[in-house]
Amino acid sequence: MSKKKPLEGVKILELGNLVAAPFAGKLFAEFGAEVIKVEEPTKGDPLRNWRVMHNDTSVWWYVQSRNKKSITVNMRDEQGQKIIKQLVEKVDVVLENFKPGTLERWGLGLEELREINPSIIMTRVSGYGQTGPYREKPGFGSVAEAFGGLRYITGYPDLAPVRVGIAIGDLTAGLYAVIGTLLALRARDQNPDKKGQLVDVALYESVFSLLEGILPEYDLTGAVRERTGSTLPGIAPSNTYECSDGKHLVIGGNGDKIFQRLMTAIGREDLANEATYSTNQGRADNVKFIDHIIEQWTKQYPLKEAQRILDEVSVPVGPIYGIKEIVEDEQYKARDMLQEIELPDGKKVLVPGIVPKLSETPGEIKWSGPSLGEHNEEIYTEYMNFSIEDFKKLKERGVI
């Protein structure tokens, strides 16, 4: 007998588009929540048309929207707004990432929804949050990465700041949306009145929260963290090193004992036992010299051989993988991180597996991202008890 998923019984109404809120919705759906995704009737979520396409649908869509149910509602229409309010009566969470004030203009703001369902948890993701002087500014993850301080420290000091090659700002905010929603669900379960609350996630704050000790370092000493390329300031040795075959290896030798093992493995016992390098601070003060010594060694070996030598002495080391290497790697396969699904036309494709791994109640992929409005009839006639006649009229009017 299969065990219940951790979020089984939790109902989530996803009103957001693109990345941040829908990424959170994906995680909820993977662990058993019923996620009803509301889309605009004619084109749906713009993500359906982003990047690599397969039969007029984005491949990314099939990953981001897996296990969700798609319904269509024109939320600008008064009848569509009534439908959303009816759904709010039946769900635990409303998840959205519209520009602040948009839902309020449609009569779907927090106060209106609380009147309908006092237990509702409203998780709102926006560029700058629901308060403050910038609240009404449009916010994209790329801008949040810049405003939140991440872009400034990413790249090389003699070049313009660069971005990480994914929507890291949106994805980080999505993770915080999940965390915040789970905390709110826990608080509601412990509240005798089962009162819901607002979960307010700002993209820029999500990014800013990743900046380690940069703020107190600046406040106490005036130090401004700058771009340092492939190194991490104050942590040594931890860098990327070239091998004899032109490939690059990442080595993390910044633990005191690890550094000793690393130096011994590369034939530099003199440095392994040198007091100057026995602590991280001493190594950080001499990082250029240490990095030079390490790369002198790595350039003597092809990547796989250098990695084998360091693996044998338990020094953290790894190659820089592209997606081709990921697909071929035995660790990814052993951990079920390359799962095969079937697209609507029968085509099979690999998609990322589930994170995190739960031993007793693991998440799962039940189906790939749905077609636009695929679950309209199920939700409207079975879930909301609309008659077939009403369902057809709403469709004819373009409300759904």
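Start by selecting helix α5, residues 110-116, in this predicted model. Pick out E111 and R114: they sit three residues apart, which means about one helical turn separates them. The two form a salt bridge, and the closest N and O atoms are 3.2 Å apart. Both ends are partly exposed, E111 with a relative accessible area of 48% and R114 at 26%.

Next, go to R135 and show E136 as well. Here is another salt bridge, this time with 3.3 Å between the closest N and O atoms. R135 counts as partly exposed, at 25% relative accessibility.

Now for a pair in another setting. Select E30 and R66, which form a salt bridge whose closest N and O atoms are 2.6 Å apart. This one links distant parts of the chain: E30 belongs to helix α1, R66 to the loop between α2 (59-64) and β5, and their positions lie 36 residues apart in sequence. Are these two buried or exposed? E30 is buried at 1% relative accessibility, and R66 is also buried, with a relative accessible area of 1%.

Stay in helix α1 (residues 20-30) and select K26. K26 is buried too, with a relative accessible area of 9%. Leaving aside residues up to four places away in sequence, K26 touches V63, Q64, R66 and K68. So which network does K68 join? Color E14, K37, D45 and K68 together: salt bridges link these four in a network. If you want to keep hunting, a search of the whole structure finds 25 salt bridges.

Time to switch to cartoon view and find the open sheet. Its six strands run in the order β5-β2-β1-β6-β7-β8, with parallel pairing. The edge strands are β5 and β8 (198-202), each pairing on one side only. From one strand to the next, the twist averages 20°.

Zoom in on β6 (residues 93-96) and β7 (residues 121-126), which pair in the parallel sense over four bridges. For a landmark, select E96 and look across to R124 in β7, which stands opposite.

Then bring up the helices that pack on this sheet. Helix α3 touches β1, β2, β5 and β6, and its direction makes about 160° with that of β1. Helix α17 touches β1, β2 and β5, with its direction at about 80° to that of β5.

While α17 (residues 376-383) is selected, show its side chains. Which of them are buried? N376, I379, Y380, T381 and Y383 are. These buried residues pack against β1 (11-14), β2 (34-39), β5 (69-72), α3 (78-88) and α18 (388-397). Step just past the helix and you reach N385, where phi is positive, near 60°.

Last stop: L249, in strand β10 (residues 248-252). L249 is buried, at 0% relative accessibility. Display what surrounds L249: not counting residues up to four places away in sequence, the contacts are N239, T240, Y241, C243, L303, A306, Q307, V317, G318 and P319. To finish, draw a C-alpha to C-alpha distance from L249 to A306; the two lie 57 residues apart in sequence and 8.4 Å apart in space.

Conventions:
Residues numbered from 1 in each chain as written. Predicted model: local features only at pLDDT ≥ 70, side-chain atom pairs only at ≥ 80, totals over all residues. Heavy atoms only, no water. Helix = DSSP H or I, 4+ residues; strand = E, 2+ residues; numbered from the N terminus. Buried < 20%, exposed > 50% of the residue type's maximum accessible area, 1.4 Å probe, protein only. Contact = heavy atoms within 4.5 Å. Pairing = 2+ DSSP bridges. Axes fitted to C-alpha atoms, helices over the stretch in contact; angles between N-to-C directions. Salt bridge = Lys/Arg side-chain N within 4 Å of Asp/Glu carboxyl O.
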